[in-house]
Amino acid sequence: MKYSIQGEPMPVVICELEPGEKMITESGSMVWMSPGFNMDTSSGGLGKAFGRMFTGESVFQNIYTAPAGGGMIAFGSSFVGSIRAVQVTPDKPVIAQKRAFLASTSGVELSTFFQKRAAAGFLSGEGFIMQKLSGNGIAFVEIDGTAIEYELAAGQSLIVDTGNLAMCDASCSIDIQAVKGLKNKLLGGEGFFNTVVTGPGKVTLQTMSLQTFASSVAAYVPKGN
């Protein structure tokens with residue numbers, strides 16, 4: 001497969017597939033394609049379907065198979081931001097925020113990732129349940145806003161504001177850290193907790209979270225009488 005990611009702030013990934021090559025995508029993500037593709041909608045089994053639902057994805061996924069002559073298919077972002085291509089290997093799975101998965105080659109498996117410390121999910125704003133991308137292949141992940149990447153050494157940490165952790169290698173650990181000082185907690189506007197990501201591994205941050213965007217827009221929406 002060859003691909004190119006084009007356009008911002010609503011990007012699209014355009015994939016050129018070989019004959020018989022398959023792409024798995026979140027329901028409703030396909031925006032255009034050349035003729036001849038076969039589409040098959042599948043839940044992948046009850047357990048996997050409910051797992052995807054908990055991570056913010058649709059119960060069903062679409063599998064597109066390229067025709068005998070190959071073909072082109074494009075998948076579009078559902079929110080203002082970026083699309084990142086992630087190389088997933090058996091020894092390097094990736095953990096991503098809810099709703100991050102856009103599409104992947106057929107060798108990638110989407111499953112549920114439960115943070116080891118429930119408090120880290122409930123209090124950090126990243127969510128106790130996240131997405132895990134494993135297997136072997138390329139996955140395309142949606143990022144809210146602009147994506148900024150860091151490569152953390154073993155033991156090196158980043159303190160991240162609530163909702164700004166997009167994804168990280170599964171080798172990283174995710175924890176929480178309380179904001180110091182009662183005045184800072186109540187008046188600082190940053191909440192009570194921050195997320196702490198510790199390496200080794202790659203960390204991808206996002207400049208805007210969907211929750212922050214929604215809160216900003218809501219402030220300008222006229223209130224009903």
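## Nonpolar cores

In this predicted model, the largest nonpolar core consists of 15 residues, and those with the most contacts inside it are Val86, Val88, Leu133, Val141, Ile143 and Met167. At least two residues of this core come from each of strand 8 (81-88), strand 9 (94-96), strand 11 (108-114), strand 13 (137-144) and strand 16 (165-169), and strand 13 gives the most, with 3 residues.

Beyond its neighbours within four places in sequence, valine 88 is in contact with Pro93, Val108, Leu133, Ser134, Gly135, Asn136, Gly137 and Ala139. A second, separate core has 14 residues, among them Phe37, Ala66, Ile73 and Phe75.

## An open antiparallel sheet

An open sheet is formed by 6 strands in the order 5-6-3-10-13-8, with antiparallel pairing. Strand 5 (38-42) and strand 8 stand at its edges, and each has a single partner strand, so one side of each is left without a neighbour in the sheet. On average, and with direction ignored, neighbouring strands of this sheet are turned by 20° against each other.

Within the sheet order, strand 3 is followed by strand 10; strand 3 (residues 22-26) and strand 10 (residues 101-105) pair in the antiparallel sense over 3 bridges, and methionine 23 has threonine 105, in strand 10, as its bridge partner.

## The protein as a whole

The secondary structure comprises 4 helices and 19 strands, and of the 225 residues in the protein, 43% are buried. Among contacts with a separation of 6 or more, 78% are between residues 24 or more positions apart. The accessible surface of the protein comes to about 11,400 Å², and 58% of this surface belongs to carbon and sulfur atoms.

Terms used: Residues are numbered from 1 along each chain as its sequence is written. This is a predicted model: local features need pLDDT of at least 70, side-chain atom pairs count only at pLDDT 80 or more; totals for chains, interfaces and linings use all residues. Side-chain values use heavy atoms; hydrogens and water are left out. Buried means under 20% relative accessible area, exposed over 50%, partly exposed in between (1.4 Å probe, protein chains only). Contact means heavy atoms within 4.5 Å. Accessible areas come from the Shrake-Rupley method with a 1.4 Å probe; for residues, only the protein chains shown count as cover. A nonpolar core is a set of buried Ala, Val, Leu, Ile, Met, Phe, Trp, Tyr and Cys residues joined through side-chain atoms within 4.5 Å. Two strands pair if DSSP finds at least two bridges between them. Axes are lines fitted to C-alpha atoms, for helices over the stretch in contact, and angles run from 0 to 180 degrees between N-to-C directions.
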